[in-house]
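Subject: Structure handover

Dear colleague,

I am passing on the structure below, together with some notes on what was found in it. Please look through the model first and then read on.

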Amino acid sequence: MNDKGFPALCSANLHADPIHVKHADLTRSSDDSRYRSECPVCGDGTLRVYRDPETLELLALDRCILCGQRVIYDDIEDLKRGELGETKGEGIKT
Ligand SMILES: [Zn+2]
């Protein structure tokens, strides 16, 4: 019971240990962003991929905005490379 519109599981995993995931394996939660993913733990939350505020580098550590689960992207280096290459569309050409 809550009247703020948050599901009961909100922040349920706030103190859980971080899990390792591959960003490429996650489901994108929005067509507008190449980075936003559905949370693999709660399914309703979003992983947004954070950047270093100074260098704007993509950070490996992320947190679900809903359940608070922390994830570590094992393929963050691929993500950074993809950003540098700026290949629009799916797939990587070699
Ligand atoms: Zn979540």
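Helices, of at least four residues, and strands, of at least two, are taken here as DSSP runs and are numbered from the N terminus. Read in that way along the sequence, the chain follows the pattern β-β-β-β-β-α, which amounts to one helix and five strands. Please keep in mind throughout that this is a predicted model.

The sheet is a good place to begin. Three strands form an open sheet, in which the order is S1-S5-S4 and the pairing is mixed. Its edge strands are S1 (19–21) and S4 (61–63), each of which pairs on one side only, and from one strand to the next the twist averages 35 degrees.

The two pairings in this sheet can be described residue by residue. S1 and S5, the latter covering residues 70–73, pair in the parallel sense over three bridges; within this pairing His 20 stands opposite Ile 72, while the bridge partner of Val 21 in S5 is Tyr 73. S4 and S5, by contrast, run antiparallel and are likewise joined by three bridges, with Asp 62 standing opposite Val 71 of S5. The hairpin that these two strands make has six residues between the strands, and in this hairpin Gly 68 takes a positive phi near 85 degrees.

Which residues of S5 lie on its covered face, and which on its uncovered one? Val 71 and Tyr 73 belong to the covered face, whereas Arg 70 and Ile 72 belong to the uncovered face.

Val 71 and Tyr 73 also appear in the largest nonpolar core, which has 10 residues in all and includes Val 21 from the list of its members. The other members are Cys 39, Val 41, Leu 47, Val 49, Cys 64, Leu 66 and Cys 67. In soluble globular proteins, nonpolar side chains tend to be buried together. Val 21 links several of these observations on the model: leaving aside its neighbours within four places in sequence, Val 21 is in contact with Leu 26, Pro 40, Val 71, Tyr 73 and Asp 74.

Two figures for the chain as a whole may help to set these details in context. Of its 94 residues, 17% count as buried, and among the contacts in the chain with a separation of 6 or more, 42% are accounted for by residues 24 or more positions apart.

With best wishes

Note on methods:
Residues numbered from 1 in each chain as written. Predicted model: local features only at pLDDT ≥ 70, side-chain atom pairs only at ≥ 80, totals over all residues. Pairing = 2+ DSSP bridges. Axes fitted to C-alpha atoms, helices over the stretch in contact; angles between N-to-C directions. Core = buried A, V, L, I, M, F, W, Y, C linked by C-beta atoms within 7 Å. Buried ≥ 20, exposed ≤ 12 C-beta atoms within 10 Å, placed from the backbone. Contact = placed C-beta atoms within 7 Å.
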